[in-house]
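Please read the report below alongside the sequence and the coordinates. It begins with individual backbone positions and then widens to the fold, the cores and the ligand.

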Amino acid sequence: MEKGFTITYEYGENLYVNTTNRCDYACTFCLRHNPSSGGSIYNDNLWLSREPTRQEILDSIEGWDLSGYKQLVFCGFGEPSYRLDDICWVIDRLKERGKKIFTRMDTNGTGCLIHGRDVCPDFAGRFDMVSISLNTDTAEKYNALCRPRFQDAYEAMKDFAREIQKYVPTVMMTVVDTISPEEIESCRKICEEEIGAVYRVREYIRD
Ligand code: SF4
């Protein structure tokens, strides 16, 4: 594997697809801001020296025996929505070739802002699951933590989480267990009662 060009990697029972370094956020906790990490525990070097083409992404995925994984997870050392068109193309090719695997995207939920259009219909028939980082329970805290480029990103993320449920069977929203129990409960209400998504409190994984 070319250094600085890890497109796919195993983690746990899943195969992850690293599609981009680009991100519209600058989260205070992001591994990208730790120059020594180069990718943390997940992989030795996830910072892509250049973005892979859609064909390179497909070739990299097809280099693995997909029957050995539970999920194919499109993420990035950035926000995968930037590569949505290419990811959809890749999934379409996999389906054409009869490859059966559960597909998931891990996203900050701002694909519509990034592309300036409603991208939710693009997920239909392609993704089995979307996991969205909720992170916290107020826009103020969210802005301080995630430092989004776009205004009203918190509301846009929640709108995306509502809308995408029309097109994707499982929509999950996540927080990390470093927030207070009160905030975990407040986020649960937002996720389950306000939005109607599946809630998951993720364990913080130290770099
Ligand atoms: S959304 Fe993800 S990739 Fe982007 S800055 Fe935040 S943690 Fe990093």
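## Backbone positions of note

Asp152 is exposed, with a relative accessible area of 61%, and belongs to the loop that runs between α4 and α5. In this predicted model, the phi angle of Asp152 is near 55°, a positive value in a residue other than glycine. As background, most residues other than glycine have a negative phi.

Asn135 also has a positive phi, near 70°, and is located in the loop between β5 and α4. Is Asn135 buried or exposed? Its relative accessible area is 9%, and since the cut-off for burial is under 20%, Asn135 therefore counts as buried.

Pro181 is a residue of helix α6, and with a relative accessibility of 58% Pro181 is classed as exposed. From Pro181 to Asp159 the separation is 22 residues in sequence, while their C-alpha atoms are 25 Å apart in space.

## Overall fold

The protein chain contains 6 helices and 7 strands, and, read from the N terminus, its elements follow the order β-β-α-β-α-β-α-β-α-α-β-α-β. Its C-alpha trace spans about 45 × 40 × 30 Å along the principal axes. For 207 residues a compact globule would be expected to have a radius of gyration near 17 Å, and the 16 Å of the protein chain agrees with that expectation.

Of the 207 residues in the protein chain, 49% are counted as buried. The exposed surface of the chain amounts to about 10,000 Å², of which carbon and sulfur atoms supply 49%. When contacts between residues at least 6 apart in sequence are considered, 80% of them join residues that are at least 24 apart.

## Nonpolar cores

The largest nonpolar core has 49 residues, and the members that touch the most other members are Ile61, Phe74, Phe123, Ile132, Leu134, Ile164 and Met173. Helix α2, covering residues 84-96, gives the most to this core, with 6 residues. There is also a second, separate core of 6 residues, which includes Tyr9, Tyr16, Leu46 and Cys75.

Which residues does Met173 touch, when residues up to four places away in sequence are not counted? Among them are Ile132 and Leu134, together with Met157 and Ala161, and further along the sequence Cys191, Ile195, Ala197, Val198, Tyr199 and Arg200.

## Helix α5 and its surroundings

Helix α5 comprises residues 153-163, and within this helix Ala153, Tyr154, Ala156, Met157, Lys158, Phe160 and Ala161 are buried. In general, an α-helix has 3.6 residues a turn, so residues three or four places apart point the same way.

The buried residues of α5 pack against three strands and three helices by name: β4 (102-107), β5 (129-133) and β6 (170-176), as well as α3 (111-115), α4 (139-146) and α6 (181-195). Two of the buried residues of α5, Met157 and Ala161, are also in the set touched by Met173.

## Surroundings of the ligand

The residues around the ligand are Cys23, Tyr25, Ala26, Cys27, Phe29, Cys30 and Arg32, joined by Gly78 and Asn108 from later in the sequence. By residue class, this shell divides into 6 nonpolar, 2 polar and 1 charged. Arg32 belongs to the residues around the ligand, and arginine is among the residue types counted as charged.

Notes
Residues numbered from 1 in each chain as written. Predicted model: local features only at pLDDT ≥ 70, side-chain atom pairs only at ≥ 80, totals over all residues. Heavy atoms only, no water. Near = heavy atom within 4 Å. Helix = DSSP H or I, 4+ residues; strand = E, 2+ residues; numbered from the N terminus. Rg over C-alpha atoms; globule rule 2.2 N^0.38 Å. Buried < 20%, exposed > 50% of the residue type's maximum accessible area, 1.4 Å probe, protein only. Contact = heavy atoms within 4.5 Å. Areas by Shrake-Rupley, 256 points an atom, 1.4 Å probe, with all protein chains shown as cover. Core = buried A, V, L, I, M, F, W, Y, C linked by side-chain atoms within 4.5 Å.
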